[in-house]
Amino acid sequence: MTAMPRVPPRDGCAVVTGGTRGIGAAVAERLRADGWPVAVLARSGGDVRADVGDPEAVAAAFDAVEARHGPVLVLVNNAGVRRDGLAIRMSSEDWQAVMDTNLNGAFHCTRRALSGMLKARWGRIVNVSSVVALHANPGQANYAASKAGLLALTRTIAREMGKKGITCNAVTPGIVETDMTRDVVDDLVGMVPAGRAGTPQDVAAAVGFLCSEEAAYVNGATLAVDGALAA
Amino acid sequence: MDETQVLELVRAKLDEIKVENASAATMDTTWEELDVDSLDLVELVQSLEDEYGVRIEDEQLKGVKTVGDAVRLVIAQSGAAA
């Protein structure tokens with residue numbers, strides 16, 4: 001039996017970028033369970049297609065979502081790619097591609113979402129960063145820099161919008177078993193005090209809280225979801 | 001549109017964005033006196049743009065220090081658009 005969906009806290013919807021699988025899919029599921037109409041924005045698949053690195057595509061995608069569901073009041077910037085390699089051998093293309101999706105994409109979506117949130121005097125933005133934003137991992141200069149940039153973006157937006165009922169927070173997942181990390185999880189899981197890799201649902205639970213009405217006073221925070229990996 | 005009409009609308013918009021004493025604002029009232037910060041100003045401008053179908057560039061906001069400056073800018077821009 002399916003539980004009755006809860007009534008959404010506000011008259012609007014949620015957008016999850018890169019929400020077709022892994023952490024994003026779990027977040028979308030969680031927000032739906034919390035009663036939000038959710039639009040998954042992804043390069044392929046999803047409810048609406050857009051490359052988050054392309055500001056015009058993002059604007060068009062948001063227009064389409066808002067025409068259907070009303071203002072985007074919850075935004076989870078989750079879209080992310082990895083192009084690992086030691087910095088000394090990293091191509092500029094691999095650096096740029098990761099920045100475009102992971103950091104620029106979050107900015108494009110945030111900028112577009114803020115005007116509707118401002119009008120509503122309510123908004124929740126959660127940026128899915130990473131433990132590597134805080135603790136270096138050789139081979140991920142581009143990924144780590146993009147994810148650390150997300151933390152600074154998070155805190156700045158929180159400050160700018162703090163008096164308008166809009167919060168912006170980040171989560172830093174550790175080793176989470178998804179399609180994107182399947183190749184490295186087994187090698188890394190031994191470092192995790194929890195003794196296991198995280199699940200996408202572990203991360204979704206934290207994101208769900210940060211998107212809730214109850215989290216109104218949590219703003220500019222970085223919440224580790226890593227089984228104490230970074231502790 | 002004349003200054004009185006636009007001033008009235010600016011007051012209403014300021015009230016919508018929760019600026020205290022919005023109704024007491026005159027053409028000479030400064031943003032500082034109203035405790036309007038840069039984000040409030042952006043919000044005000046966006047709602048005026050929507051209302052009048054005008055476009056106000058960031059560059060044009062630099063000299064806008066008072067309610068009257070904003071009112072005159074909106075009138076000038078709507079004239080330019082017409």
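Is A:Ala215 buried, exposed or partly exposed, with 17 C-beta neighbours inside 10 Å? In this predicted model, A:Ala215 counts as partly exposed, because its 17 neighbours fall between the 12 or fewer of an exposed residue and the 20 or more of a buried one. The residue is found in the loop of chain A between helix 6 (200–210) and strand 7 (222–225). Beyond its neighbours within four places in sequence, A:Ala215 is in contact with A:Thr167, A:Phe209 and A:Leu210. A:Ala215 and A:Arg124 are 91 residues apart in sequence, yet their C-alpha atoms are 9.1 Å apart in space.

The overall architecture of chain A was considered next. Chain A has 6 helices and 7 strands, and these follow the pattern β-α-β-β-α-β-α-β-α-β-α-α-β along the sequence. The radius of gyration of chain A is 17 Å, close to the 17 Å that the globule rule gives for 231 residues, so the chain is as compact as a globular protein of that length. Taken along the principal axes, the C-alpha atoms of chain A fill a box of roughly 45 × 40 × 35 Å. Buried residues account for 48% of the 231 residues in chain A. Of the contacts in chain A between residues at least 6 apart in sequence, 70% join residues at least 24 apart.

Strands 4, 5 and 6 of chain A were examined together. Strand 4 (residues 72–77) runs parallel to strand 5, and 4 bridges join the two. Within strand 5 of chain A, A:Asn127 has A:Asn77 standing opposite. Strand 5 also pairs with strand 6 of chain A, in the parallel sense and over 6 bridges. Here A:Ile125 stands opposite A:Cys168 of strand 6.

In a regular strand the side chains alternate between the two faces of the sheet. Strand 5 (residues 123–128) of chain A is mostly covered, with 6 of its 6 residues buried. A:Gly123, A:Ile125 and A:Asn127 point one way from this strand, whereas A:Arg124, A:Val126 and A:Val128 point the other way, and all are buried. Strand 6 (residues 166–173) of chain A is likewise mostly covered, as 8 of its 8 residues are buried. Both of its faces are covered: one side carries A:Ile166, A:Cys168, A:Ala170 and A:Thr172, and the other carries A:Thr167, A:Asn169, A:Val171 and A:Pro173, all of them buried.

The nonpolar interior was then analysed. The largest nonpolar core has 64 residues, of which A:Val16, A:Val27, A:Leu31, A:Val38, A:Val126, A:Val203 and A:Val207 touch the most other members. Helix 3 of chain A provides the largest share of this core, 8 residues. A second, separate core of 15 residues includes B:Leu14, B:Ala25, B:Ala70 and B:Val71.

One of the highly connected members of the largest core, A:Val38, touches A:Cys13, A:Ala14, A:Val16, A:Ala28, A:Leu31 and A:Arg32, residues up to four places away in sequence not being counted. A:His69 lies 31 residues from A:Val38 in sequence and 8.6 Å from it in space, C-alpha to C-alpha. The place of A:His69 is in helix 2 (residues 55–69) of chain A. A:His69 counts as buried because it has 20 C-beta neighbours inside 10 Å, and 20 or more are required for that class. Apart from residues up to four places away in sequence, A:His69 touches A:Cys13, A:Pro37 and A:Ala39.

The geometry of helix 3 (residues 92–120) of chain A was also assessed. At 1.5 Å a residue, its 29 residues should span 42 Å, and this agrees with the 41 Å between its end C-alpha atoms. Helix 3 of chain A nevertheless bends by about 40° at A:Asn104. The helix is followed by A:Arg121, whose phi is positive, near 55°.

Positive phi values also occur in chain B. B:Lys18, a residue other than glycine, has a phi near 65° and is placed in the loop between helix 1 (3–16) and helix 2 (31–34) of chain B. With 13 C-beta neighbours inside 10 Å, B:Lys18 counts as partly exposed. B:Asp35 is not a glycine either, and has a positive phi of about 60°. The place of B:Asp35 is in the loop between helix 2 and helix 3 (38–52) of chain B. B:Asp35 counts as exposed, with 10 C-beta neighbours inside 10 Å.

How values were computed:
Residues numbered from 1 in each chain as written. Chains lettered and ligands numbered in written order. Predicted model: local features only at pLDDT ≥ 70, side-chain atom pairs only at ≥ 80, totals over all residues. Helix = DSSP H or I, 4+ residues; strand = E, 2+ residues; numbered from the N terminus. Expected span 1.5 Å × (residues − 1). Bend = angle between axes of the 7 residues up to and from the residue. Contact = placed C-beta atoms within 7 Å. Rg over C-alpha atoms; globule rule 2.2 N^0.38 Å. Core = buried A, V, L, I, M, F, W, Y, C linked by C-beta atoms within 7 Å. Pairing = 2+ DSSP bridges.
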